[in-house]
Amino acid sequence: MTEPIVLIDRVIGLRCTQNTGMAFSFLSDHIILLVLLSVVLMAAGYAVLRRYTLGTVSRTAAMLMLGGALSNMGDRLFLGYVTDMIELLFCSFAIFNVADICLTVGCGLMIFSLLFRPQEWRERHV
């Protein structure tokens, strides 16, 4: 895709970009550092979450976050960048991708489950 495409006038469009960093291009051009950071954060998340038997909302949140993180990490490893393509036209905001949406929705659901569904967090007895 070489030219931007407007999907809904003044709302949403597609514009292909290559992001060598993470959110808002933070740590651009530090691919190895970003991959290592991703691995460390996923391992830390696993270490914390394995202590619990998760309910539906918290399990869904964890899977969305893992899927988004793995997708972006795979792009970084195999392409050297993450392809971002979704652009909000009604405000000045970063261009993002579906993996970013999964990460954001997953984080929101995880916060929701911690605050409003604490019964989903049953500690495992090993």
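This passage describes Asn-97 and the helix that follows it, H3. The model is predicted, so that local features require pLDDT of at least 70 and side-chain atom pairs count only at pLDDT 80 or more, whereas totals for chains, interfaces and linings use all residues. Residues are numbered from 1 along each chain as its sequence is written, and side-chain values use heavy atoms, with hydrogens and water left out.

Asn-97 lies in the loop that separates strand S4 (82-88) from helix H3 (98-116); helices (H or I, at least four residues) and strands (E, at least two) are DSSP runs, numbered from the N terminus. Its relative accessible area is 3%, which makes Asn-97 buried (under 20%; exposed, over 50%; partly exposed in between; 1.4 Å probe, protein chains only). Beyond four places in sequence, Asn-97 touches Asn-72, Val-82, Thr-83, Asp-84, Met-85 and Ile-86 (contact: heavy atoms within 4.5 Å).

Asn-97 caps the N-terminal end of H3, with a side-chain oxygen 3.0 Å from the backbone nitrogen of Ala-99. A polar atom of the Asn-97 side chain also lies 2.8 Å from the backbone nitrogen of Asp-100. Towards S4, the side chain of Asn-97 reaches the backbone oxygen of Thr-83 at 3.1 Å.

The end C-alpha atoms of H3 are 26 Å apart, in agreement with the 27 Å expected for its 19 residues at 1.5 Å a residue (1.5 Å times one less than the number of residues). Ala-99, Gly-106, Met-110 and Ser-113 are the buried residues of H3. They pack against helix H1 (31-49), helix H2 (56-79) and strand S5 (121-123). Exposed residues Thr-104, Ile-111, Leu-115 and Phe-116 occupy the face of H3 turned away from its buried side.

Definitions and conventions
A polar contact is a pair of N or O atoms within 3.5 Å; within protein, one must be able to donate a hydrogen and the other to accept it, and residues adjacent in sequence count only if both atoms are side-chain atoms.
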